[in-house]
Amino acid sequence: MEHPSQERTLVIIKPDGIQRALIGEIIRRYERLGLKLVALKLMVPTEEQVEGHYTLDPNWRRVTGEKTIKGYRDRGLTPPSEDPLEITAKILKGLKKYLTAGPVIAMIWQGAHAVELVRKITGGTEPRGAAVGTIRGDFVPDSYVMSDQDDRAVRNLIHGSGSVEEAEMEIPHWFKPEELTDYKVTHEDILYSKELKGILDE
Ligand code: ATP
Ligand code: MG
């Protein structure tokens, strides 16, 4: 089995993250956890690239639609449609507009439990409900109430892969193999070495 320290996840700083001058802050949060940056690029994605990204998982349309319908019910509201796919089509349209509105930064972070820990630090999808201390919770006030009223995607600064399987599909969608750099950072010794050797003079 691959060592947990080899796990990789895709992070995208969305256009609002760049406009809010949060590039450094966002990178700092992942970097200080001990994760290692193994690829990075700034680009304006195309609509095809955004649609391709969200539909890599064939279940995403259904799951997102169902989640959204449940969200409406939990708020005591009637969903705009009972058909999850119709709801997701609208969300996808909003996402294409959102993510192609300006440059984004795509990154690959590597380290123990990278997927899960990036999601934890990033916070829940709806910034309004995201926990204090998470990036979304600390830096953005957006909500489904507002995004629904204005008929747009919820603006939550960042994308982080939702699972290891998602990360494995998303990484090649955004990066060619030669754009990844394999290297060592010194702090990996204290995080991952089996024997704590080489700290004291012997
Ligand atoms: P991401 O995949 O961007 O990291 P996520 O995994 O937290 O976010 P998903 O359910 O995958 O959330 O939804 C993808 C994106 O679609 C969200 O980040 C958000 O911008 C938008 N979105 C999702 N559900 C809704 C909704 N009900 N209303 C508006 N926008 C939504
Ligand atoms: Mg997702």
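In the predicted model, residue K96 lies in helix α5. With a relative accessible area of 17%, K96 falls under the 20% limit and therefore counts as buried. When its neighbours within four places in sequence are left aside, the residues in contact with K96 are E47, V50 and E51.

Helix α5, which spans residues 84-99, also meets helix α4, formed by residues 60-74, and the axes of these two helices come within 8 Å of each other and cross at roughly 100°. Because this angle lies in the range from 65 to 115 degrees, α4 and α5 are described as roughly perpendicular to each other. On the side of α4, the contact is made by W60, R61, R62, T64, G65, E66, T68 and I69, while α5 contributes P84, L85, I87, T88, I91, L92 and L95. Sorted by character, the residues of this contact comprise eight that are nonpolar, four that are polar and three that are charged.

The largest nonpolar core of the model contains 19 residues, and those with the most contacts inside this core are L10, Y54, L95, I108, W174 and F175. At least two residues of the core are supplied by each of β1 (8-13), β2 (36-43), α3 (47-54), α5, β3 (104-110) and α9 (164-174). Of these contributions, that of α5, with four residues, is the largest share. For Y54, leaving aside the neighbours within four places in sequence, contacts are found with K14, W60, L92, L95, L99 and H159. A second core, separate from the one just described, has 18 residues, including L35, M107, I121 and I135. In soluble globular proteins, nonpolar side chains tend to be buried together.

Helix α9 has a buried set consisting of A167, E170, I171 and W174. Viewed down the helix axis, the buried residues of α9 fall within an arc of 105°, and they therefore line one face of the helix. An α-helix has 3.6 residues a turn, so residues three or four places apart point the same way. The other side of α9 carries the exposed residues E165, E168 and P172. The buried residues of α9 are covered by elements that include β1, β2, α3, β3, α6 and β4.

A comparable description applies to helix α2, residues 23-32, in which I26, I27, R29 and Y30 are buried. These residues cover an arc of only 155° around the axis, which means that they are on the same side of α2. The elements against which the buried residues of α2 pack are β1, β2, β3, α6 (114-122), α7 (135-139) and β4 (158-160). Helix α2 is followed by G34, for which phi is positive, near 110°.

Positive phi values also occur at residues other than glycine. H113, which is not a glycine, has a positive phi of about 55° and is placed in the loop between β3 and α6. The relative accessible area of H113 is 40%, and this residue is therefore classed as partly exposed. In space, H113 and S5 are 7.0 Å apart from C-alpha to C-alpha, although 108 residues separate them in sequence. Once the neighbours within four places in sequence are set aside, H113 is in contact with P4 and E7. D151, likewise not a glycine, has a positive phi of about 55° and is found in the loop between α8 (144-149) and β4. At 55% relative accessibility, D151 lies over the 50% limit and so counts as exposed.

A further loop position is that of V132, located between α6 and α7. V132 is a nonpolar residue, yet its relative accessibility is 81%, and V132 therefore counts as exposed. The C-alpha atoms of V132 and N59 are separated by 30 Å, and the two residues are 73 residues apart along the chain.

Methods: Residues numbered from 1 in each chain as written. Chains lettered and ligands numbered in written order. Predicted model: local features only at pLDDT ≥ 70, side-chain atom pairs only at ≥ 80, totals over all residues. Heavy atoms only, no water. Axes fitted to C-alpha atoms, helices over the stretch in contact; angles between N-to-C directions. Parallel < 35°, antiparallel > 145°, perpendicular 65-115°, else oblique. Contact = heavy atoms within 4.5 Å. Core = buried A, V, L, I, M, F, W, Y, C linked by side-chain atoms within 4.5 Å. Buried < 20%, exposed > 50% of the residue type's maximum accessible area, 1.4 Å probe, protein only. Arc of directions from axis to C-beta.
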